[in-house]
Amino acid sequence: MHKIVKLATASIVLCLLLACAAEAVFLFSSIFMMGRFPMHDEFVTRDFSQWNRLAKQICCSGSAIVVDAPNWNSKSAVRFTIGFYDPLVKGSHRSEFRLKATEFHRLYEYGLKIFVPPDWQSDNNQVIVTQMHNVPDNWKGEPGLQPPLELSLANDSWVIRTAWGRAPTWLDPKGDTRRDIPWSQPFERGKWTTWTFRTKWSLDEDGIIEVEKDGNAVLQKRGANCYDNLLAPYLKFGAYAPGWINLSAPPEIKTREIFFTDVSAREVLMAPTGHIVER
């Protein structure tokens with residue numbers, strides 16, 4: 001019996017050490033080893049030289065490839081593709097690139113141009129094309145949560161969702177999280193759309209979220225805007241169908257494609273005049 005207790009104790013300790021080691025690697029990667037920052041990529045080199053292996057969350061060679069930008073002469077773009085029968089990536093159907101985690105109370109600006117194919121068929125399964133994802137505190141038992149900011153295609157509309165608050169943990173299973181859908185608008189197929197996101201992640205009143213579509217403001221939010229995590233959120237973009245994993249039958253639309261170019265990220269300062277000044 002004594003040997004059994006010792007073996008059980010040793011197994012528990014080993015599992016805890018392995019979990020801590022995995023968490024440390026995840027946090028280290030989120031801070032240092034993901035996509036470059038600041039950065040700007042028009043994919044003119046026709047490759048992904050600015051994106052290391054850890055920054056790419058794809059299953060297959062065709063999940064993300066550089067192509068001639070549709071409806072845009074002499075321009076390159078990356079085409080992200082997901083298929084319902086493709087291997088899962090991080091437990092879901094996704095083809096995404098990501099940048100490293102940011103810092104709280106600092107203002108960041110992201111730019112992307114997105115093209116929705118002319119043959120896009122809508123259904124009830126949203127496809128997230130851009131998200132500011134939180135870095136979960138797994139070591140506190142935090143579950144997966146809705147991103148603090150996401151842009152998706154749902155039915156025939158662009159949809160922006162936000163989420164924030166105190167994340168659930170082992171010691172606080174319920175937590176105190178909030179969700180909102182502050183904006184939606186029908187999208188146009190076969191057209192490039194320019195998006196700008198400005199974020200200052202905070203649990204306090206200095207938090208900022210600003211979203212512009214084709215130069216026009218569609219969302220301006222002040223105040224608490226993220227979860228109480230150790231690290232601030234990071235940018236992800238591509239194609240991600242979170243609802244597919246829970247379907248009891250295959251979706252009617254089993255393949256999704258979306259195009260991106262002119263992807264940029266930088267830290268900025270807000271000048272007293274309200275203009276953006278690069279840091």
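By class, which residues make up the lining of the second largest cavity? The answer is in the first legend below, and the model shown in every view is a predicted one.

**View 1. The second largest cavity and what lines it.** Counted by class, this lining has 4 nonpolar, 3 polar and 2 charged residues. Here they are by name: Trp-120, Ser-122, Asp-123, Asn-125, Val-127, Leu-153, Ala-154, Asn-155 and Arg-256. The space inside the second largest cavity comes to about 30 Å³.

**View 2. The largest cavity, with a volume of about 40 Å³.** The count of cavities of 30 Å³ or more comes to 2. Around the largest cavity you'll find Cys-59, Ser-63, Thr-81, Ile-82, Gly-83, Asp-86, Pro-87, His-93 and Arg-94. Strand S4 (residues 76-83) supplies the largest share of this lining, 3 residues. Sorted by class, the lining of the largest cavity has 3 nonpolar, 4 polar and 2 charged residues. As for how such spaces are found, rolling a probe the size of a water molecule over the atoms shows where empty space is left.

**View 3. The largest pocket, with about 350 Å³ of space.** This pocket is lined by 18 residues, and those nearest its centre are Lys-90, Arg-94, His-133, Gly-144 and Tyr-240. You may recognise Arg-94 from the previous view, where it also lines the largest cavity. Strand S14 gives the largest share of the pocket lining, 3 residues. By class, the lining of the largest pocket has 8 nonpolar, 7 polar and 3 charged residues.

**View 4. The second largest pocket, with about 160 Å³ of space.** Of its 11 lining residues, Lys-100, Ala-101, Thr-102, Glu-103 and Tyr-108 are the closest to its centre. The class count for the lining of the second largest pocket is 6 nonpolar, 1 polar and 4 charged residues.

**View 5. An open sheet of 7 strands.** Follow the strands across and the order reads S2-S5-S14-S7-S8-S9-S10, with antiparallel pairing. Strand S2 (56-57) and strand S10 (176-186) stand at the edges with a single partner strand each, so one side of each has no neighbour in the sheet. Inside that order, strand S7 (residues 127-133) pairs with strand S14 (residues 234-240) over 5 bridges, in the antiparallel sense. One spot to look for is His-133, whose bridge partner in S14 is Tyr-234. His-133 is also one of the residues nearest the centre of the largest pocket.

**View 6. A hairpin made by S12 and S13.** Strand S12 (residues 208-213) and strand S13 (residues 216-222) run antiparallel and are joined by 6 bridges. Lys-213 stands opposite Asn-216 in S13. There are 2 residues between the two strands, and Asp-214 in the turn has a positive phi of about 50 degrees.

**View 7. The largest nonpolar core, with 47 residues.** Trp-51, Trp-158, Ile-258 and Phe-260 have the most contacts inside this core. Strand S6 (residues 107-116) gives the most to the core, with 5 residues. Another core, of 6 residues, lies apart from it, and among its members are Val-67, Ala-69, Phe-115 and Trp-192. In soluble globular proteins, nonpolar side chains tend to be buried together.

**View 8. Ile-258 and its contacts.** Leave aside the neighbours within four places in sequence, and Ile-258 is in contact with Val-78, Arg-79 and Phe-80, and also with Ile-114, Phe-115, Val-116 and Pro-117. Trp-120, Val-129, Leu-153, Gly-238 and Ala-239 are in contact with Ile-258 too. Two of these names, Trp-120 and Leu-153, appeared in the first view, where they line the second largest cavity.

**View 9. Two loop residues with positive phi, Asn-71 and Lys-90.** Asn-71 isn't a glycine, yet its phi is positive, at about 60 degrees. You'll find Asn-71 in the loop between strand S3 (64-68) and S4, and it is exposed, with a relative accessible area of 62%. Lys-90, also a residue other than glycine, has a positive phi near 50 degrees. Lys-90 sits in the loop between S4 and strand S5 (94-98), and is exposed as well, with a relative accessible area of 58%. If Lys-90 sounds familiar, that's from the largest pocket, where it is among the residues nearest the centre.

Terms used
Residues numbered from 1 in each chain as written. Predicted model: local features only at pLDDT ≥ 70, side-chain atom pairs only at ≥ 80, totals over all residues. Heavy atoms only, no water. Pairing = 2+ DSSP bridges. Helix = DSSP H or I, 4+ residues; strand = E, 2+ residues; numbered from the N terminus. 1 Å grid on protein atoms, 1.4 Å probe; cavity = no way out; pocket = protein on both sides within 12 Å on 5 of 7 lines; lining within 4 Å. Points joined across faces, edges and corners; volume = space filled by probe spheres on them. Nonpolar A, V, L, I, M, F, W, Y, C, P; charged D, E, K, R; others polar. Core = buried A, V, L, I, M, F, W, Y, C linked by side-chain atoms within 4.5 Å. Buried < 20%, exposed > 50% of the residue type's maximum accessible area, 1.4 Å probe, protein only. Contact = heavy atoms within 4.5 Å.
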